[in-house]
Amino acid sequence: MSTYKPSDPRKVTTQRLIEMKQSGEKIAMLTAYDYTMATLVEDSGMDVILVGDSASNVMAGNVTTLPITLDQMIYHGKSVVKAVKRAMVVVDLPFGSYQGNSMLALESAIKVMKITHADAVKLEGGAEVKESIERILSAGIPVMGHLGLTPQSINKFGTYTVRAKEVAEAEKLLSDARLLEELGCFAVVLEKIPAQLSKRVTESLQIPTIGIGAGMHTDGQVLVMQDMLGMNEGFHPRFLRLYAQIGAEIKQALSTYIRDVKDGSFPSANEQY
C-alpha cells in the first residue's frame, strides 16, 4: 500500500482548513498524546492532531475525561508539538478550566499556548460557554468548538448514547453551531449525533465541521488513535473503524520476548558486545 502524501505541504492553519471546506477536500484529524506516536501521525500526513482530554481515559486509565488536569494536558501537548511541523495541533481545555469563569478560561488558554506552542485550543459547549470563547478569542487564540455528545458533561447526560435525536435538542445544537461561527471559532467537532443533523449543520456553516460518530456529511473526521489501531480492546462503537489490530500484535511481541528471555535465546552472540 502506498503512503499518503498531502497535496499541500504547507503548515495547516485555520485558513487552510476553511480552504479545504470550500474546495471539498476532507479534513483528517487524529489524537496523539506523546512524542513518539505524534511523530508517526505527523509523518503520515495528518491535517490536524488533537491532544484530546481522552488522554484521561487512554493514557491515565480514568473512566471519564473529567479527572485530567490543565497541567497534564499541557504536558501531553508539549510532548506532541515537539514532533510536529505541518499538522495543526489543537489542545483540549479540560473540565474545570473554562466553564463558568471567562477569566479562568483566558488564563487556561494562554497557559496552554505559551507552554505547549500549540496552534489552537478546543472546548465543549455552545451558548453556555459564550463568554469564555469570546474572552479567549479576544487574546487572538484560535478556538475549535465541540457540540453533540460532550464527554465533560457526561454526568449531566448520564449516558454516552447518541445526542440531539429529539427536535428541541437538534435545534439547539444547530443554533449553538451558528453561534460558535458568529463568535469566531474556526471549526467545530460534532460528536455522536444523527447523520442528517450533521449534514444540516455542515451546510449551514462557513467554518468546517469535524465528525466523530456524526456520519459522512461532515467536512472531516476525527478518531482516538488507540481506538482505531485496535489498542483499546473491547471498545467497538458503530462509528469506529479498526484500521489495525496493534493491541494483539503488541501482546504477541511481548509473549515472544518473554519466551526468548526465559529460554536464553535472547540476547544471542550477535546481540552482545
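**Exercise 1. Find the helix that holds Y257, then the surface patch that Y257 belongs to.**

*Solution.* Start with the secondary structure: Y257 sits in helix α11, which covers residues 246-262. Keep in mind as you go that this is a predicted model. Next, look at the surface around Y257: together with I258, V261 and F266, Y257 forms a nonpolar patch. The accessible area of these residues adds up to about 380 Å².

**Exercise 2. Describe the overall build of the protein chain, from its secondary structure to its surface.**

*Solution.* Begin by counting elements: the protein chain has 11 helices and 8 strands. Now turn to compactness. The radius of gyration is 20 Å, close to the 19 Å given by the globule rule for 273 residues, so the chain is as compact as a globular protein of that length. Along the principal axes, the C-alpha trace spans about 65 × 40 × 40 Å. For the interior, note that 48% of the 273 residues are buried. Then check the contacts with a separation of 6 or more: 58% of them join residues 24 or more positions apart. Finally, the accessible surface comes to about 13900 Å², and 55% of that belongs to carbon and sulfur atoms.

**Exercise 3. Work out which residues of helix α9 are buried, and on which side the exposed ones lie.**

*Solution.* Helix α9 runs over residues 195-204, and its buried residues include L197, S198, V201 and T202. These cover an arc of only 135° around the axis, which means that they lie on the same side of α9. Q196 and E203 are exposed on the other side of the helix. To see what the buried residues pack against, look for α1 (14-23), α8, β6 (187-191) and β7 (209-212).

Stay with E203 for one more step. Its relative accessible area is 57%, so E203 is exposed. E203 forms a salt bridge with K199, and the closest N and O atoms are 2.8 Å apart. K199 is partly exposed, at 26%. The two residues are 4 apart in α9, so about one helical turn separates E203 and K199.

**Exercise 4. Locate R163 and decide whether it is buried or exposed; then find its salt-bridge partner.**

*Solution.* R163 lies in the loop between α7 (154-157) and α8 (167-183). With 14% relative accessibility, under the 20% cut-off, R163 counts as buried. Setting aside neighbours within four places in sequence, the contacts of R163 are G148, L149, F157, E169, K192, I193 and P194. One of these, E169, is also its salt-bridge partner, with the closest N and O atoms 3.1 Å apart. E169 itself is partly exposed, at 29% relative accessibility.

**Exercise 5. Place V189 in its strand and list what it touches.**

*Solution.* V189 belongs to strand β6. Its relative accessibility is 2%, so V189 counts as buried. Leaving out residues up to four places away in sequence, V189 touches M29, K122, M144, G145, H146, L147, I210 and I212.

**Exercise 6. Examine helix α6 through S138 and the salt bridge of E134.**

*Solution.* Helix α6 covers residues 130-138 and includes S138. At 60% relative accessibility, S138 counts as exposed. In the salt bridge between E134 and K130, the closest N and O atoms are 3.0 Å apart. These partners are 4 residues apart in α6, so about one helical turn separates them. E134 is partly exposed at 34%, and K130 is partly exposed at 32%. To finish, a search of the whole structure finds 18 salt bridges.

Conventions: Residues are numbered from 1 along each chain as its sequence is written. This is a predicted model: local features need pLDDT of at least 70, side-chain atom pairs count only at pLDDT 80 or more; totals for chains, interfaces and linings use all residues. Side-chain values use heavy atoms; hydrogens and water are left out. Buried means under 20% relative accessible area, exposed over 50%, partly exposed in between (1.4 Å probe, protein chains only). Contact means heavy atoms within 4.5 Å. Patches are made of residues with over 30% relative accessible area and no salt bridge: like charges are joined within 9 Å, nonpolar side chains (Val, Leu, Ile, Met, Phe, Trp, Tyr) within 5 Å. Accessible areas come from the Shrake-Rupley method with a 1.4 Å probe; for residues, only the protein chains shown count as cover. A salt bridge is a side-chain nitrogen of Lys or Arg within 4 Å of a carboxyl oxygen of Asp or Glu. The arc is that of the directions from the helix axis to the C-beta atoms. The radius of gyration is taken over C-alpha atoms; the globule rule is 2.2 Å times the number of residues to the power 0.38.
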